[in-house]
Each structure stands twice: as structure tokens, then as C-alpha cells.
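Student: I've got a new model open. Can we walk through it together?
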Amino acid sequence: MNGLMMDRPLLISSIARHADRFHHEREIVSVTVDDPLHRTSWGTVIGRARQLANALGRLGLKQGDRVATLAWNDHRHLEIYYAVSGAGFVCHTINPRLFPEQLIFILNHAEDRWLFIDPLFMPLLEKLAAQVTGLEGVVVLTDEAHMPATNLENVHCYESFIAAEKSDYEWPDLDENAASALCYTSGTTGDPKGVLYSHRSTLLHAYAVLAPDVMGLSCRDSVLPVVPLFHVNAWGVPYAAAMCGAKLVLPGPKMADGEVLYRLMDSEDVNLALGVPTVWLALLQYTEKAGKRLDKLERTIIGGAAVPRMMIEAFRDRHGVEVRQGWGMTEMSPVGTVNTLKAGMELLSPEEKLDIGVKAGRGLFGCELRVMDDEGRELPWDGKSYGALQVRGPWVCSDYFKLEGNSESHTADGWFGTGDVAIIDAEGFVTITDRTKDVIKSGGEWISSIELENVIMSHPSVASAAVIGIAHEKWGERPLLVVVRKENANPGKQELLEFFNDKVVSWWIPNDVAFIDELPLTATGKIKKLDLRKQFADYRFPD
Ligand code: ADP
């Protein structure tokens with residue numbers, strides 16, 4: 001017997017309708033190329049999204065056709081999110097920091113028909129355009145006064161593109177399983193792979209991240225996503241904020257500028273900010289140098305890479321800010337776990353709380369987790385057994401776009417292999433020890449590069465660090481610590497290695513230290529271990 005409840009589809013357009021009706025006045029502040037501090041509201045953004053949907057309707061697009069963006073976080077990009085998906089097309093956000101060959105591959109593989117682009121990326125597009133096959137037109141996200149000169153064909157100005165359109169638009173009734181957005185993984189090995197989100201997966205993920213122990217978003221929050229709209233839907237914030245009516249503060253091209261981020265937080269009363277560790281390192285360094293305190297910020301969600309202990313401490317002790325670590329990936333929309341203390345844990349000592357805070361967190365309701373050994377047996381949640389982390393849930397991908405059945409990413413019983421190695425403890429807290437391909441195997445035992453990096457990041461002379469495995473005659477592989485020193489600091493190798501004493505078991509301590517000026521970073525600001533391993537391919541440990 002079925003329940004007698006309405007079967008209403010979960011659609012992105014329903015969020016647009018809700019935001020327009022209930023929080024139309026709530027502010028959205030953006031940094032754009034044409035305006036250093038642009039102010040608008042949810043009502044205006046959704047109205048302009050309806051204008052844009054009318055304009056898209058004239059382009060002869062069919063339902064499911066891909067419309068691409070190459071843009072920073074601002075109100076126009078947000079309008080595209082709602083217009084494209086709401087009208088039944090697929091909003092394909094592209095990461096501009098990818099290599100040119102990857103960008104060409106992605107644009108062609110997705111068969112993007114139109115591209116909405118930030119004026120700052122026009123020189124990039126001009127270089128690629130000859131090799132991009134299916135693109136019919138380009139819309140530049142600015143007004144006529146700021147249009148860049150270009151010799152590309154069929155290039156329009158965004159403001160003029162929508163200006164004459166009516167703001168009345170009937171959002172179509174779509175199937176909730178219809179594709180809504182597309183995002184390619186960065187593809188550290190092989191070609192990037194497309195993750196195709198649906199309206200349903202997007203809404204369920206947005207409901208999930210709203211919850212108090214996840215982002216805890218409400219209409220009273222002012223939120224600064226320093227996570228890009230061009231990568232995994234900025235962790236779902238554009239949808240969740242519209243659902244609850246939070247104020248949105250969008251930093252445009254200033255995502256890595258500690259000073260601008262600080263100013264935005266201060267002037268716009270930002271109490272929740274989200275980003276990857278490298279971004280927060282820049283912000284913390286700026287506040288330290290400038291002698292500023294983050295007075296208005298209450299909590300920050302940090303994920304995408306392991307959060308160093310010193311970062312949690314710095315936010316807590318210098319700024320009174322709560323850090324919530326999160327873990328997830330493009331294939332998971334992206335959030336899978338978030339770290340908040342369980343009832344009773346508030347009585348723990350500050351050090352004990354930090355021991356928990358450095359973990360990736362607990363699985364959200366809706367995201368099932370399991371850890372498997374090499375023989376495919378499930379491992380206990382005992383805080384010490386480590387193995388391959390697999391996930392399952394309504395916002396986890398079931399396959400990759402145009403690779404259906406061919407990617408070997410899923411198990412026969414329907415779980416997705418994350419490519420991460422993890423430990424889960426009895427309370428359900430997950431620790432990511434490594435990516436499978438970054439694991440260091442010494443004498444048949446695993447050493448967690450993430451844990452070693454975490455320890456050394458607390459050393460006062462270390463700006464950033466990475467640990468990689470180097471071939472070793474006796475042990476197979478041994479860890480090498482690669483360090484970028486802080487300005488004016490000059491720690492010796494011995495001093496750094498001794499810092500590990502009593503913090504990790506002695507056989508984990510790296511065999512040597514190498515100093516470099518800069519760590520190679522991926523398009524999403526994570527350390528590119530593959531490149532680092534290549535850089536040190538000829539390195540041999542001293543005898
Ligand atoms: P890419 O880096 O290829 O763009 P994602 O953005 O999807 O891919 O990154 C997902 C990966 O980032 C995870 O599989 C995991 O290895 C890493 N990651 C994310 N959050 C954390 C975390 N809190 N701790 C450790 N690793 C993390």
C-alpha cells in the first residue's frame with residue numbers, strides 16, 4: 001500500500017520560487033570586474049534569472065543541452081545557476097584553473113552549446129577557441145561599458161542579452177531526476193570525468209547541508225563561500241542559502257586575497273565562511289601580519305583537504321571561531337561528512353576537542369559509509385582499521401557522464417569507491433589517512449602522509465608542507481618531508497625531524513627533509529602530490 005502523499009518533483013526552480021517569495025529582500029553582495037561591491041537581493045537575482053531563462057529560450061536549446069560557465073563567484077553566475085537548470089538545461093560549470101588541454105577536452109566532451117564567461121577569462125578563451133568544436137555563442141558577464149574587445153564571433157554582453165527580456169517566466173515542470181548541472185573532476189590521472197547532478201540529488205544535498213550539525217544555515221546568517229561556484233556547486237551553498245534566505249557574500253575574483261576577504265567579512269557581517277585550507281592559510285597570514293581579528297565570524301567550514309591542527313587552533317584561540325572540518329568530493333555533490341562534537345563531548349578538554357577536530361567528521365544522514373580491506377571485507381569501526389572508503393546515497397554519482405558502465409568506479413553491490421583510505425572510530429568519526437595513490441608503504445605497513453603533514457604544520461617556521469613516498473632499498477618506500485619555510489625563518493632539517501618525536505610512532509618519522517619555494521597546487525588549491533613526486537623522481541635518501 002502506498003502512502004497518500006503528493007508526488008511533487010524536487011526541482012531547482014522550486015528553490016527559486018521560494019527564495020523570491022519569502023526572502024526577496026535578503027541581500028546578495030558581490031565583487032565583480034565592473035563593481036567592487038555590487039549589492040542586489042534574492043528577489044532581483046531570481047527576477048533576472050527569469051529574464052535569462054527567456055533569453056535562453058530563444059537559442060533553440062533542447063532540454064538537457066549543456067550551457068557552460070567559466071566564471072568567478074558573483075550574482076551573475078548565481079543567476080545562470082537558476083536560469084539554466086530551472087529552464088531544463090544543464091549548467092556546466094568549468095574550472096578556469098585547469099590546463100588548456102583539459103579545458104578543451106571538457107568543453108568538447110560536454111558538447112557545450114553556449115558559454116557564459118567572466119571578462120577576465122576572455123584571453124584564455126581566445127587561445128582555446130579554435131579547438132573547441134560545438135560552441136555556438138559566448139556571453140560575457142558584464143555591462144556594455146566593460147565589454148572586452150575580441151575577434152571571436154557571436155559574443156554578447158550579458159546585461160544587453162537579458163535587458164529586453166520580460167521577468168515573467170513559467171518554470172517548466174521537469175522530472176526531478178532530470179540532469180541539472182555538470183562538473184568535471186580535476187583528473188589528476190587520465191582525462192577529467194563528468195559528474196552529472198540531478199534536480200533531486202541537488203535538493204536532497206541542499207536540505208542535508210542546511211542541518212544544524214552540518215552548515216547550520218539559517219535566514220539570520222551572512223555566508224561567504226570562498227569555495228568556487230565553478231567547482232562542485234560551491235558545496236551546495238547557492239541552493240541551501242536560497243532555501244533558508246541567508247545573505248550571500250560573493251568574493252568574485254578575490255578568492256585568494258586575504259585582505260579583501262577580511263574586509264568583506266567585516267563590512268558584510270559574515271558569520272559563516274567556507275573554503276579549502278590553502279585559502280584560510282592566506283587569510284590567517286593576512287590577519288596575523290595586519291594585527292586584525294575576525295570579530296564577526298562565528299564558524300567556518302573547511303574541507304577539500306585535511307585541516308591542519310594549527311589552523312583549528314589559530315581560528316579558535318586568535319579569533320574565537322569554530323572550525324568544522326568537512327570531507328567530500330565532486331562525485332558526492334560534494335559533502336559526505338562534517339565534524340561537530342556529539343552530545344557530552346563539550347565537556348572534553350580543549351586538547352581532546354582538537355584531537356577530534358582534526359578528523360574529517362561524521363557521515364551526514366543520507367550518506368552511508370563503509371571501509372573495506374584488500375579482500376573486499378568490511379572493516380570494523382574501531383579507530384584503527386584502515387582501508388578503502390566507499391559511500392552510497394542519493395547525492396552520490398551512480399556513474400560518469402558518457403562513460404556509463406566503463407569507469408570501474410563502483411562495486412558490484414552499488415557502492416562508490418572514493419579513492420580515499422580511511423579509519424572510522426566507534427563514535428562514527430572518519431579520519432582520511434590518504435588518497436589511495438598517495439599512501440606510503442614502508443616495510444609492508446602504511447604511513448599516513450596526511451598525519452605527518454598535520455604534525456609539521458604546527459612547527460612555527462613551516463609555511464606549508466607535504467610528505468611523499470620515495471623508493472627505499474630496504475623498506476620499499478620511506479617518507480620524504482618537503483617544506484616551504486615561513487618568510488625569514490630558517491629551520492634546520494634535524495630540528496624539523498625532531499619535532500615529530502613523541503607525536504608519531506618513530507618508524508613514521510621521515511628520513512629526510514627537502515626545502516622548496518612553493519608547493520605545486522591543483523586547480524582547487526590542493527597540493528599536487530603527483531607533480532611533487534615527479535619533481536623528486538631522481539631524489540635518493542642520503543646513506
Ligand atoms: P579534485 O581535488 O580532484 O577536484 P575533489 O574536489 O572532488 O576532487 O576532492 C576530493 C578529495 O579531496 C577527496 O577524495 C579527498 O581525498 C580530499 N579531501 C576532501 N576533504 C578532505 C578532508 N577533510 N581531509 C582529507 N582529505 C580530504
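Student: Where is D502 placed?
Tutor: D502 sits in the loop between α14 and β25 (512-515). Keep in mind that this is a predicted model.

Student: What is phi of D502 near?
Tutor: Near 70°, a positive value in a residue other than glycine. Most residues other than glycine have a negative phi.

Student: Buried or exposed, that D502?
Tutor: Exposed. The relative accessible area of D502 is 81%, and the cut-off for exposed is over 50%.

Student: Which loop holds N488?
Tutor: The one between β24 (476-485) and α14 (493-498). Phi of N488 is positive too, near 65°.

Student: And why does N488 count as exposed?
Tutor: Because its relative accessibility is 80%.

Student: Switching to the ligand. How many residues surround it?
Tutor: There are 16, and the closest are S186, T330, D420, R435 and K526. By type, the shell holds five nonpolar, eight polar and three charged residues.

Student: Which strands each supply at least two residues of that shell?
Tutor: β14 (322-328) and β20 (429-435). β14 gives the most, with four residues.

Student: What about polar atoms? Which atom of the ligand pairs with the side chain of D420?
Tutor: An oxygen atom, at 2.6 Å from an N or O atom of the D420 side chain. A ligand nitrogen lies 2.9 Å from an N or O atom in the side chain of Q325. For the H231 side chain, a ligand oxygen is 3.1 Å from an N or O atom.

Student: How much of the ligand does the protein bury?
Tutor: The ligand alone exposes 570 Å², and the protein buries 93% of that.

Student: Back to β14. What is in the loop between β14 and β15?
Tutor: P334 is in that loop, with β15 spanning 335-338. A cis peptide bond joins S333 to P334, with omega about 10°. Most peptide bonds are trans.

Student: Now a helix. Which residues of α11 are buried?
Tutor: α11 covers residues 309-319, and its buried residues are R309, M311, I312, A314, F315 and H319.

Student: Any pattern behind that? What does helix geometry say?
Tutor: An α-helix has 3.6 residues a turn, so residues three or four places apart point the same way.

Student: What covers the buried residues of α11?
Tutor: The cover includes α10 (277-290), β13 (299-303), β14, α12 (350-357) and α13 (449-456). So β14 turns up again: that strand also gives four residues to the ligand shell.

Student: And which residue just after α11 takes a positive phi?
Tutor: G320, at about 65°.

Note on methods
Residues numbered from 1 in each chain as written. Heavy atoms only, no water. Near = heavy atom within 4 Å. Polar contact = N/O pair within 3.5 Å; in protein donor to acceptor, adjacent residues only side chain to side chain. Areas by Shrake-Rupley, 256 points an atom, 1.4 Å probe, with all protein chains shown as cover. Nonpolar A, V, L, I, M, F, W, Y, C, P; charged D, E, K, R; others polar. Buried < 20%, exposed > 50% of the residue type's maximum accessible area, 1.4 Å probe, protein only. Contact = heavy atoms within 4.5 Å.
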